[in-house]
Amino acid sequence: MDLYVMNCELLATCSALGYLEGDTYHKEPDCLESVKDLIRYLRHEDDTRDTRQQLGAGQILQNDLLPIITQHSQDKSLFDACIRLMVNLTQPALLCFGKVPDDPTVRHHFLEVVSYLQAYKEAFANEKVFGVLSETLYTLLQLDWEQRQEEDNLLIERILLLVRNVLHVPADPYEEKNVDDDASVHDKLLWAIHMSGLDDLIKFLASAQSEQQWSMHVLEVISLMFRDQTPELLVSAGQARSAQEKQRDAQELEALRQKEQAEKRSRTLQRGTRHSRFGGSYVVQGLKSIGEKDVIYHRGLHNFKNYTHDEGKAVRRVPKRKLHARDSEGKRRSALNVRLFLREFCMDFLENCYNRLMYLVKEGLIREQAQQHDETYYLWALSFFMAFNRGNGFRADLVSETMSIRAFHFIERNITNYYEMMLTDRKEASSWSRRMHLALKAYQELLLTVNEMDRSRDEDIRQSANVIKSNIFYLMEYREIFLTLLRKFDETKQPRTFLRDLVESTHLFLRMLERFCKGRNNLVVQRKRVKRKKSKGRKNPTAAETTPEALEETWGAVAEELRATNFQLSEALTEGAVPFDAASETPLEEQRTEAMVRVQDTLLNRRGPEALGLLRAAREVWPEGDVFGSADVEPEEELELLKQILTANLPRPTPPEPGMEEEDGELEEEEELESVRVSETEFNFLDFIKRFANPNIVRPYLLLLRSYSQNSPHTNHCITRMLHRLAVDLKMDALLFQLSVFCLFNKILGDPAATAYKELVTFAKFVLNRFFALTAKNNKAFVELLFWKSVGAAREMTEGYSKPGEGEGSNKKAKWTPEEEDELRTLYEEHRDSEVPDIVETLLPLLSNTTRTRRQVVAQLVAMGLVDSVKELKKQRKGTRIVLWTEEQEEELQMLFEEFKDSDDVLGKILKKVTAKRSRARMVDKLLSMGLVSDRRELHKKRRRNPNAPGKSAAMGMTEEEFLAHLPGGLTEEPMDDEEEVEEEDEEESEGEERERQAPAARGRKSWMAERESMVEKNASLRTMVYTLRQEGMSGPLLWLQNCLNRTADHREEEGLFQPVPIVPLTEENEDAMEKKSFQRLLRKIGVRAPADEQESFWRIPAQMRPSQLRGAAEVLSPSQDALAAGAEESEQPTPGSPIQEQQQGEADSHEQRAQALRALLLARKMKQPSASAEHTDFAPVEDSDSAPHRSSEKKTSTKRSRVVLDSDEDEEDSPLTMDLGADGGADSDREAHSAPAKRKRQRVLIDDDEDD
């Protein structure tokens, strides 16, 4: 910009500053006011920065401001004003314009400002200027805090900002075309700083405790001082070249010489020795041109190998968004004296300032006391000075502040943040990419330093390195970071240098991890899984749903469903119906309308019972006006009310605005991300490497391999090592069978300097040999070259293709034939209204295809439209909810008790008639708490004798306790703990009630006796097996097995943990017994599980066996039971198949023998387990039921029945032990034990009373 264009007022103000005569500057009287006016003009400049440009064109800083501060520094006010003005003039152009402008006109102004800044930087490369600045700064720092004024602190900050602004000015590549070791403008500026002593003041500010407020300014200045330097060049400055460096340079020169000679030889072979004047035109047969004729080639034959159809075509312009990101400006080697001074500065800084300054800066960043993006200076300083320390005689104590887990965490968090911002802020993606590159280099330097510590001679340093490695290898975030960065690499946003550092860092991390795993048998690491929940939004009904025809159809389905349930609601629906929110700010009247809308939505979704539950709950909340019906409404009236609600045109709330939905979505996402499930697992290095076998990870490696000739040997080694891990270690060489990869291998193999890349050449030959060996078996391999392949496709390519629907990883939907669909539909319609607790478990055994799983059946029911959602078929969770009783419910319970207190089954009749359904246990507790009954036994079902059964004796069908009670001087049992009868869960009791309802009302005596004989035979066979084994000399193994069962029972009672327990024989006698078939049959009989597969070596006590079952099994193995079993076999057991009439005739003779046997058994049981009662064991007592007298028909007795209640949630076979349970119970018990389903989740014994029909 020319001077004549300058604004008149601005020109007059500049003229009033003064003038330069020779080397002396004469200031005008109004100089101070003129400087302040210039500051005021800059404050009000326009968007083109016209004032700044005019001052730069007029060279006000070079000709006026710098002479003023050098010659008139004693004028403090003028000096302060000039420093303020220069800070403003030298601020970076990016701060002036906000960003690099896209508009050409504004970009021109931007470049003008940059050019003026470069002229300012050259003018500042003067020792006098920095001498004045350093003297002023030194004087100010000499003042104590008590003497230092606010103006002094401002001047210190402005001087530091001025130095930072001048150092920040970029170099002009067109003006500074200097070679290495030549002094650039930046080098001259650094030398002026050094000669003025300002570098010493900077080190003082970094180390002084009283000057810690300038820590961020100091770090910015230092980072800009070393902007063009590399730690390796500074370490080697002034030192003789090492042997390794000489060897490396010799190798590079040799590679270049070989390449040049190879090209020279190829050119010689291409041309003949004689020169041909005939250039030649040739017809290329078989290669068609644009028309039908062959191509005519007008050049020499030696050039034909480079022929392509693209010759002469216009080069297609690559879109801007697809251009590859450019690398930052390369580093250059400064003059030797500058490098020596910087080397000394680094050594002093590490020795005295590094740890303290980095601590202060880190604290400021964490507390958010710094400006935006100031963490980049911290990341640069960390990587630069730690690299310098590593190369200059590594000392861990000099960088101890940044060598910690906190540093790893800080950098990892910044990498993640930069990556997310690069995706969201697409306009500034390149800036975020550069910041992420800085963070990656810092992370790489931390790993290199840990690796260096691991090779230290000091044991303490090696131990510290092991602690750090244990932490970074344990946490998932540090292991996954390289996988994520490789998978998400984008060449349009991230430059090639970023990819190079990423590949080298990954190589280093894997090498450290592999070495760490080799010294340990098992490495436990952390694993995290994010649990995401899908938000459920209520949608308004569509117009198709609200047509009269659709509403009529919906109402028909809902009414049919409600009538089928007899208007009775389950406990879950009754308790889950909440029509209003007491904590909400919404008025009660509006909530009433919302409740009405909810009822209508539920009806539209054809969920009749849920709508009825909401209606009844809303009636209790809003009883006034009978809006939801009166209190004594009849079921048919409720049905009519629901129909009115369904067809009503209710006011619905307006949908929320899109912005609000986005905010809600963000909040939900945050909540989802916080739901992280953390667990520990054993680490396998090979499994971790398998995660790199992904085309999205292999592709960046091959992208970097394309520039193999420009890569360093170490970079090429890192690439080759990773590809070698995949192709050789994992045997997934087929991942590299891709045409572009083979073209690259062909280029490497044909390179004249291929001898310099021996590792790459060897690997390329290996992959190609593997491919051509595969083509002999798979002729489709050539077609596969056109595509990138996943692991599954690569395995199919090498091992053979599988048919559709086959293969290990096939997760295709199971197919259902039309016949199977009809069968499923029929079964579902039959059992839909049967009120079974789990309809899916009911349908599974009834299907003709027994291989169907629960998941497949549920999915097919949803697909066929028989159910609306999978949630409707979810397994019912065990356990009950605690619900308070209302006064009405208590009055109803008292009324029902008064009505049925004289009946045989008081509790059963109450449960059937009560309105609010509750479990049997809750009902018993409530009756006791209300004082209606004093003992649980009053609620037991009363048994009645059958007077029409002929020939029954008084003792026929009695249990041990009843029989002993009638004996003269007989032993009586201690009172039993009745509380266990109601401790079972609600689902089990409801299942028991369901079974009772489904059981026939009367059972024939003949079938009862047949089941009785079968159960007694099984118990007798178990006792016989124990007796036989004891006769064979296995008393020791039997005693060992009995102790194992008792110990397991004690452990499960104390700890409450039910896990499979292996039975490990430790003696030779026990090992021999475990190998015998007879002993194994006994184990199966009592419920011990055999090894499931080759991975299991020992028999196991199943997790579903309860302590009572285990003690019962142990009791059977006791010697007293054994002797009793032998006596019973010899004297009392009747021959199988004898008719019932013979047993009744010999009843009087065997009555006394049975009494004696039962006395002996009861005495033995009391001596062995004095605290256990008969119902605490799941094993039947030893008695001969076939010869026992039948129950008396003259008296009403109450007997204890052991009923097996089995859940059917999981596919597990019944253990033989469960079939032997309840041998002393009634006929109902035996029948239920035999009719239990084949597949169970767990087994529970419920003690209850019952009567013979």
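This section describes helix packing, nonpolar cores, cysteines and selected single residues in a predicted model.

Two helix pairs illustrate the packing. The axes of helix H1, which spans residues 8–15, and helix H2, which spans residues 31–43, come within 9 Å and cross at roughly 150°, and the crossing of this pair is left-handed. On the H1 side the contact is formed by Glu-9, Leu-10, Thr-13 and Cys-14, while H2 contributes Ser-34, Asp-37, Leu-38 and Tyr-41. Sorted by class, the residues in this contact of H1 with H2 comprise four nonpolar, two polar and two charged residues.

The second pair consists of helix H18 (residues 405–424) and helix H21 (residues 476–487), whose axes lie 11 Å apart and which pack at an angle of about 30°; H18 likewise passes H21 in a left-handed crossing. From H18, the residues Ile-405, Phe-408, His-409, Glu-412 and Ile-415 meet Glu-477, Tyr-478, Ile-481 and Leu-485 of H21. The contact of H18 with H21 is made up of six nonpolar, one polar and two charged residues.

Phe-408, a participant in the contact between H18 and H21, also appears in the description of the nonpolar interior. The largest nonpolar core contains 192 residues, and those with the most contacts inside it are Phe-124, Phe-226, Phe-385, Phe-408 and Ile-411. For Ile-411, when neighbours within four places in sequence are left aside, the residues in contact are Leu-379, Leu-382, Ala-439, Ala-442, Tyr-443 and Leu-446. A second, separate core comprises 28 residues, including Leu-551, Ala-595, Met-596 and Leu-646. In soluble globular proteins, nonpolar side chains tend to be buried together.

With regard to the cysteines, the structure holds zero disulfides. Two cysteines illustrate opposite settings: Cys-8 counts as exposed because its relative accessibility is 66%, above the 50% cut-off, whereas Cys-353 counts as buried because its relative accessible area is 3%, under the cut-off of 20%. Another cysteine, Cys-14, belongs to the H1 side of the contact with H2.

Positive phi values in residues other than glycine were found at two loop positions. Gln-59, with phi near 50°, is located in the loop between helix H3 (50–57) and helix H4 (60–71); its relative accessibility is 39%, and Gln-59 is therefore classed as partly exposed. Lys-731 has a positive phi of about 55° although it is not a glycine, and this residue lies in the loop that runs between helix H31 (713–729) and helix H32 (739–749). Lys-731 has a relative accessible area of 67% and is therefore classed as exposed.

A further loop residue, Gln-239, is found between helix H13 (231–236) and helix H14 (243–270), and it counts as partly exposed because its relative accessibility is 41%. Although Gln-239 and Leu-340 are 101 residues apart along the chain, their C-alpha atoms are separated by 9.9 Å.

Ser-1078, by contrast with these loop positions, is found in helix H47, which covers residues 1077–1086. Its relative accessible area of 19% is under the 20% cut-off, and Ser-1078 is therefore classed as buried. Not counting residues up to four places away in sequence, Ser-1078 touches Met-1025, Leu-1029, Glu-1032 and Met-1034.

Key
Residues are numbered from 1 along each chain as its sequence is written. This is a predicted model: local features need pLDDT of at least 70, side-chain atom pairs count only at pLDDT 80 or more; totals for chains, interfaces and linings use all residues. Side-chain values use heavy atoms; hydrogens and water are left out. Axes are lines fitted to C-alpha atoms, for helices over the stretch in contact, and angles run from 0 to 180 degrees between N-to-C directions. Helices (H or I, at least four residues) and strands (E, at least two) are DSSP runs, numbered from the N terminus. A crossing is left-handed if the near helix is turned anticlockwise from the far one by less than a right angle, and right-handed if clockwise. Contact means heavy atoms within 4.5 Å. Ala, Val, Leu, Ile, Met, Phe, Trp, Tyr, Cys and Pro count as nonpolar, Asp, Glu, Lys and Arg as charged, and the others, Gly among them, as polar. A nonpolar core is a set of buried Ala, Val, Leu, Ile, Met, Phe, Trp, Tyr and Cys residues joined through side-chain atoms within 4.5 Å. Buried means under 20% relative accessible area, exposed over 50%, partly exposed in between (1.4 Å probe, protein chains only). A disulfide is a pair of cysteine sulfur atoms within 2.5 Å.
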